[in-house]
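This explanation leads the reader through the pockets of a predicted model and the ligand bound to it. The structure is shown first, and the description follows.

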Amino acid sequence: MKFSKDFMFGVATSAAQVEGAALEDGKGLNIWDVYARIPGTITDGSTPDPACDHYHTWKQDVQTMKELGVDSYRFSFAWSRILPKGKGEINQKGLDFYKRLIDELHRNDIKPNATLYHWDLPYELEREGGWLNRDVVDWYGEYASLLFKEFGDSVPYWATINEPIATYVGYGQGWFAPGRIGEKFGRQANHHVLLAHGEGVRRFREENLKNSQIGIVVDIWHHHPLRPDHAEDIAIAELENEKAYRSYINPIFKGCYSDALLKYMEENNCMPDMKDGDMEKIAQKLDFFGLNCYNRVLDCADKSLLKLKKEINAGGNYMDNGNEKYPKAVYDAAKILVNDYQIGIPIIVTENGTYNCSEEFAADGRIHDTERIQYLNGFLEWIHKAIEEGIDIRGYYAWSLMDNWEWSAGYSYRFGLIHNNFETQERTWKDSAYWYQNLIRESRK
Ligand code: NOJ
């Protein structure tokens, strides 16, 4: 498996998961800072502070990226670090932090790939209804314009939103911030997040930047029926695909919600309020599609069969963390984008990774996360195959550069190539980091 010399290898993180400094230098609270303080919301009772203290260790972290040999770093801006109240007054110290980071990346020949919104809505905006208030589209637009004007072409890749489904989970299901529950809330928040994406694209085009591109990052976890010939399983999987990833890529690439989703929303009293022109705004032309891919999902009307499958296959097709190994998921997702949606723009795999693969220090002082290497390698093989078959995939980002704060799982899920001691902030390269370094080196030969 060898990738072309211009294939971009990167590592990814997000602001709330690595920066820490939640209340430093004028940063305002975001919905996760607040949600995490509600007892019972985060598995280990932690908050996104100090995370990896990246707000202070950024320089050292960029050196680690340099040593890894990556071409690009994907990170996100913390909205409430820049606009502490979400709108209005600008926090210069927040902008300065990202300026230092971006300059340091350029000094080290690492291309910035920045996401405007990675789940951390300013809490002050949540107090006004957050993603349920249609005004959020303008608040987001103001924030987006500020960033495009400030950093413009120094960021070659911009993403409007990371995994819009997180907003649905936060407003519909309650197990993400801000913790609201109700299908109607979830669908409404979703619609506004899509509109904000469209507004972001519009504002980006307004700036007429010469060397930057704009896209969105969506996760595709395709649902398959456990029993491929069983009508009930097929129906469940179909509906789940409609409610999940297709509810974003249909509006973005086809300019509409599907009939199946409209029917579901009608029948379940959760149709979002929409206005004329919304779909045109959402469906603007993009420069690239950011694909996050971790796995597929199996659905079955009889839940006991799913459990049984896991037990039978334990140690075989399942990893120690309980997840199925299905690296072909990324190939399937790329095919969906090309065949079902004819997206006609390059794909960048903006996230792929796994957690808790022998994360302990062995007697030799190293971390032998062999399962992570197998997992990442498996996905890269399928990406390679897709490229060979003519699919335009331009890059790959491992999630994540280092262990960080994994949202509702707190510090209990370790996703990093680099191990982090959250008390001392000492970083240690896992075997997977050395493996990635070597893979990149070999591809450059
Ligand atoms: C998706 C998200 O974008 C990221 O924030 C998260 O940590 C990873 N997947 C792993 O769950």
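The largest pocket is lined by 45 residues, and those nearest its centre are W175, D219, W221, Y294 and V297. Four elements give two or more residues each to this lining: helix 8 (165–172), helix 10 (231–243), strand 8 (297–299) and helix 14 (303–313). Helix 8 makes the greatest contribution among them, supplying four residues. The space in the largest pocket amounts to about 1,400 Å³. In chemical character, the lining of the largest pocket comprises 23 nonpolar residues, together with eleven polar and eleven charged ones.

Where is the ligand to be found? The ligand sits in the largest pocket. Around the ligand stand Q17, H118, W119, N162, E163, N292, Y294, E351, W399, E406, W407 and F415. Y294 thus appears in this shell and also among the residues nearest the centre of the largest pocket. When the shell around the ligand is sorted by class, five of its residues are nonpolar, four are polar and three are charged.

Several members of the shell place polar side-chain atoms beside oxygen atoms of the ligand. For E406, an N or O atom of the side chain is 2.6 Å from a ligand oxygen. In E351, a polar side-chain atom lies 2.7 Å from an oxygen atom of the ligand. For W399, the separation between a side-chain N or O atom and an oxygen atom of the ligand is 3.3 Å. On its own, the ligand has 290 Å² of accessible area, of which the protein covers 91%.

Attention may now turn to the second largest pocket, which has a volume of about 290 Å³. It is lined by 18 residues, and D6, F7, D392, I393 and R394 are the closest to its centre. Which elements supply at least two residues each to the lining of the second largest pocket? They are helix 16 (370–388) and strand 10 (393–399). Helix 16 provides the largest share of that lining, with three residues. I393 and R394, both close to the centre of the second largest pocket, fall within the range of strand 10. By class, the lining of the second largest pocket divides into ten nonpolar, three polar and five charged residues.

Key:
Residues numbered from 1 in each chain as written. Predicted model: local features only at pLDDT ≥ 70, side-chain atom pairs only at ≥ 80, totals over all residues. Heavy atoms only, no water. Near = heavy atom within 4 Å. Polar contact = N/O pair within 3.5 Å; in protein donor to acceptor, adjacent residues only side chain to side chain. Areas by Shrake-Rupley, 256 points an atom, 1.4 Å probe, with all protein chains shown as cover. 1 Å grid on protein atoms, 1.4 Å probe; cavity = no way out; pocket = protein on both sides within 12 Å on 5 of 7 lines; lining within 4 Å. Sits in = over half its atoms within 2 Å of the grid points. Nonpolar A, V, L, I, M, F, W, Y, C, P; charged D, E, K, R; others polar. Points joined across faces, edges and corners; volume = space filled by probe spheres on them.
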